[in-house]
Each structure stands twice: as C-alpha cells, then as structure tokens.
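Okay everyone, thanks for coming. Let me put today's structure up on the screen, and then we'll walk through it together.

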Amino acid sequence: MSRYRLAISDLSGALARQAMLVATVCLVADVAAFLVAGPVATLRPQDWVVLAAIAAADAALALPARYSGWVALAHAVLLVGAAALLGGSSAEGRVSDAGALVAGYRAGAWLRGGAAWLALAAMILGIGGAQLLFGMRDGDLLPIHILKNAVLPWLVGRYTTARRAYLAELEQRAETQRRDAEAAVEHAVAEERSAIARDLHDVISHHVSAIGAHAGAARLGLRTANRPDAVAGSLAAVETSSRAAMLDLRRLLDLLHGDQADMSRQPGLDNLEELLDGVRRAGLATRLSTHGAARPLPGSLDVAIYRIIQEMLTNALRHGDGATVEIELHYRAASVSVTARNGVPPARDGERNGAARGLVGIRKRAALFDGTVAYGAELGGDRWETTATFPLGDER
C-alpha cells in the first residue's frame with residue numbers, strides 16, 4: 001500500500017510540474033506577444049490592466065485540474081474584457097490566444113458532464129464575443145474562428161482523455177489476463193502435486209503392504225525346517241516387490257523433474273495381470289472378470305483406473321480377511337466401472353481409519369474424471385464392496 005501511495009504521489013508531482021511549465025510558457029508567449037505588438041512607451045493604463053490580466057489568467061493554468069472550468073471561464077472573460085478595453089481591430093494583435101487554447105484543451109481533457117459543456121460554451125462566447133468587438137477582418141468567418149480556437153482544442157482534450165482511458169483499460173485487461181494465467185498455472189501445479197501425492201500413496205501403500213506380507217510368510221516358513229522352497233519364494237517376492245516399488249517411484253520422480261517422455265511408461269490396464277500376479281505372490285488370491293466389450297480408454301483414465309484397482313487390492317491386503325478378492329471390470333456404452341469384493345474380519349478402529357484413508361484417495365482420483373465411488377459392507381457385514389464408475393462418451 002505504501003508503495004502504491006508513493007507512486008501516486010510521484011505522478012501527482014510530475015503533473016504539477018508539467019502544469020507549471022505549460023503555464024510559464026503560455027505566460028511568456030502571451031506577454032511577449034502583447035509587448036512586441038507596439039512600443040512599450042505608448043502603453044496606456046488600460047493596456048497595463050489587460051497585460052496584468054493576461055499574466056494572471058495564464059498563471060492560473062498551473063492550478064490543479066479540478067479548477068479547469070474556472071480557468072476556462074477566466075480566459076473567456078479576459079478575451080471579451082480585453083476587446084472591450086482595447087477596442088479596434090488594430091489592438092487584436094496584442095492579445096495572443098496561447099493561454100486560451102490551453103484552457104480550452106484542459107477543459108475538454110479534465111472535465112466531464114455538464115461542467116465540460118459549460119466550459120466549452122464559455123470559450124465559444126468569449127472567443128466569439130472578442131472577435132465581434134475587435135471587428136471582423138476581410139475573409140475571416142466567425143464560425144471558422146470559433147471552431148479553430150474554441151471547439152478544436154476542447155475536442156483534442158476529450159480525445160486525449162478517451163485515448164488515455166482506452167490504454168488504461170487495455171493495461172488493466174492485460175494485467176487481469178496475466179493474473180488469471182498465473183492463477184491457472186498455480187491451480188494446475190496444485191492439481192499436479194495432488195495427483196503425484198496420490199500416486200505416491202498408492203505406490204508406497206501397495207508395494208510396502210506386499211513386502212510386509214511376503215516377509216511375514218518368509219518368517220513363518222523359517223520356523224518350519226522342511227519348507228525352504230516357501231521361504232525362497234517369499235524372499236523372491238520381496239525382491240520383486242521392492243524392484244517394482246523403485247520403478248514406480250522412479251517414474252514419479254522423472255515426472256517431477258519434467259521428463260514427459262517417461263509418462264509413456266505409466267502402468268495401465270494392460271499391466272493389470274502383472275499387478276494381480278504380485279498380489280497373488282503375497283498370498284492373496286485374486287480373480288479378475290471382464291464384462292462387455294473391452295475398448296481403449298483415454299491414457300489418463302486408463303492409468304487412474306489401474307491406480308484405483310491397486311488401492312482396492314492394497315485395502316484388501318491390509319484390511320481384508322485374506323480370502324479371495326474379486327475384481328470386475330464392466331464396459332458399457334456410456335461408462336466403465338470397476339468393482340472389488342473381499343471378505344473383512346471384525347475391524348478395529350485403527351483398521352477402519354486406514355481403510356477410510358484409502359477410500360478417500362480413490363474418491364479424489366475418481367472425481368478428476370467426474371467419476372463416482374460407492375462402497376460399503378454387503379448384507380451380513382462379512383464382505384466389503386467398492387465400486388468406481390466413470391462416464392464415457394456414447395459411441396453408439
């Protein structure tokens with residue numbers, strides 16, 4: 001705010017200095033024109049009165065813009081008064097109109113509404129009256145004289161102000177567009193960060209849960225001396241899950257570093273069997289069924305559905321009863337949906353909270369594609385079902 005006030009103060013000071021300079025030039029020009037029009041020694045008392053009035057009226061041009069109407073009126077009265085006091089066409093050359101021209105311009109530039117029109121009327125009456133009192137020259141027409149010396153400066157002032165307002169509007173519009181663009185970029189960055197955070201949650205939760213299950217199986221196998229193959233298989237699965245976790249994390253880090261080419265390696269529904277195999281090796285039986293005619297999906301939606309299935313499997317692995325998880329993909333004319341069903345043991349509060357966090361992630365990911373998520377326990381409470389549905393364009 002202080003910087004804004006400082007800029008306004010600097011602008012006001014610059015305008016005041018410019019007004020003072022314009023007033024000084026007009027005063028010097030008009031006074032010099034009056035003095036060189038005839039010998040100074042021959043000046044009468046009324047001539048000195050007119051000269052003083054000219055100097056005062058021109059000095060008034062340095063006043064703030066809000067006095068522009070009064071300054072225009074003063075110049076109009078000066079022109080008529082000078083013509084009445086000096087009299088005769090021979091005295092017209094003593095009264096220069098530099099100050100009157102600037103006064104008319106200021107009235108058109110700074111005044112609005114009735115005040116502007118009153119100032120124009122005063123200038124027309126002043127210039128026209130002075131011309132009539134001085135006497136018309138041969139070939140000089142009063143309307144043309146008024147147009148040149150009263151109307152034209154006023155119109156130039158109006159045009160200048162309108163042009164200044166138009167440029168200010170363009171600058172304001174450009175500033176608004178710049179701010180909107182910055183806001184859009186910030187929103188896009190926030191959305192991208194949110195999406196990356198969801199991917200990190202899915203990757204970490206899924207792979208770490210799988211690693212935990214394999215490690216538990218290996219620990220149980222070590223207690224049985226005659227099951228070396230089971231231990232080896234569990235440790236191999238831990239190694240596989242670790243490598244998969246590192247690969248997914250590397251993909252996300254490449255995305256953060258701006259490597260768009262790496263987006264082509266994002267897993268999708270084509271990699272679904274690999275995902276299910278990893279879960280099966282963790283000891284969780286899964287069964288996948290597809291209904292309807294499978295068709296290619298937009299790349300981002302394909303990745304999103306894969307991640308949602310991954311989160312469903314993670315929830316089943318962490319919070320289910322270890323029985324078979326059923327995954328169903330339904331392709332319809334106007335939508336695609338994925339459903340996961342798994343058994344659930346009697347849940348403790350901590351387990352319910354963990355499952356709820358996973359469901360929140362599924363809902364947020366689905367909302368990006370105008371999808372809906374429904375979940376809850378089936379009748380009897382021993383099985384849990386989660387369904388995510390995404391609208392598609394009707395291709396029939």
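Let's start in the middle of the sheet, with strand β3, where both faces are covered. On one side you have Ser335, Ser337, Thr339, Arg341 and Gly343, on the other Val336, Val338, Ala340 and Asn342, and all of them are buried. Buried here means under 20% relative accessible area, exposed means over 50%, and partly exposed is in between, with a 1.4 Å probe and protein chains only. So that you can find β3: the strand covers residues 335–343, and 9 of its 9 residues are buried.

Quick housekeeping before we go on. This is a predicted model, where local features need pLDDT of at least 70, side-chain atom pairs count only at pLDDT 80 or more, and totals for chains, interfaces and linings use all residues. Residues are numbered from 1 along each chain as its sequence is written, and side-chain values use heavy atoms, with hydrogens and water left out.

Now the overall picture. The protein has 10 helices and 5 strands. Those are DSSP runs numbered from the N terminus: helices are H or I with at least four residues, strands are E with at least two. Of the 396 residues, 37% are buried. The protein exposes about 22200 Å², and carbon and sulfur atoms supply 61% of that; accessible areas come from the Shrake-Rupley method with a 1.4 Å probe, and for residues only the protein chains shown count as cover. If you take contacts between residues at least 6 apart in sequence, 73% join residues at least 24 apart. Contact means heavy atoms within 4.5 Å.

Back to the sheet. In what order do the 5 strands sit? The order is β1-β2-β3-β5-β4, in an open sheet with mixed pairing. Two strands pair if DSSP finds at least two bridges between them. β1 (286–291) and β4 stand at the edges with a single partner strand each, so one side of each has no neighbour in the sheet. On average, neighbouring strands are turned by 10° against each other, direction ignored.

What about the partners of β3? On one side there's β2, residues 325–331, running antiparallel to β3 and joined to it by 6 bridges. A hairpin of 3 residues links β2 to β3. Leucine 329 stands opposite valine 338, and isoleucine 327 is opposite alanine 340. Helix α9 packs on this sheet, touching β1, β2, β3 and β5, and its direction makes about 10° with that of β3. Then there's β5, residues 383–391, also antiparallel to β3, with 9 bridges between them. Asparagine 342 has tryptophan 384 in β5 as its bridge partner.

Let's zoom in on one residue of α9 (residues 299–319), isoleucine 309. Is isoleucine 309 buried or exposed? Isoleucine 309 counts as buried, because its relative accessibility is 0%. Leaving out residues up to four places away in sequence, isoleucine 309 touches Leu269, Leu272, Leu275, Ile327 and Val338. You may recognise Val338 from β3.

Next, the helices. Two packed helices are described by the angle between their axes and the distance between the axes. Helix α2 (residues 45–59) and helix α3 (residues 68–86) have axes that come within 10 Å and cross at roughly 170°. Axes are lines fitted to C-alpha atoms, for helices over the stretch in contact, and angles run from 0 to 180 degrees between N-to-C directions. That's why α2 and α3 are roughly antiparallel. Under 35 degrees counts as roughly parallel, over 145 as roughly antiparallel, 65 to 115 as roughly perpendicular, and the rest as oblique.

α3 also packs against helix α5 (residues 114–134), at an angle of about 10° with the axes 8 Å apart. That makes this pair, α3 and α5, roughly parallel. The residues making the contact include Ala72, Leu73 and Ala76 of α3 and Ala122, Met123 and Leu125 of α5. By class, the contact has 16 nonpolar, 2 polar and no charged residues. Nonpolar covers Ala, Val, Leu, Ile, Met, Phe, Trp, Tyr, Cys and Pro; charged covers Asp, Glu, Lys and Arg; the others, Gly among them, are polar.

One last oddity. Most residues other than glycine have a negative phi. Aspartate 370 isn't a glycine, yet its phi is positive, about 60°. Aspartate 370 lies in the loop between α10 (349–367) and β4 (372–377), and is exposed, with a relative accessible area of 63%.
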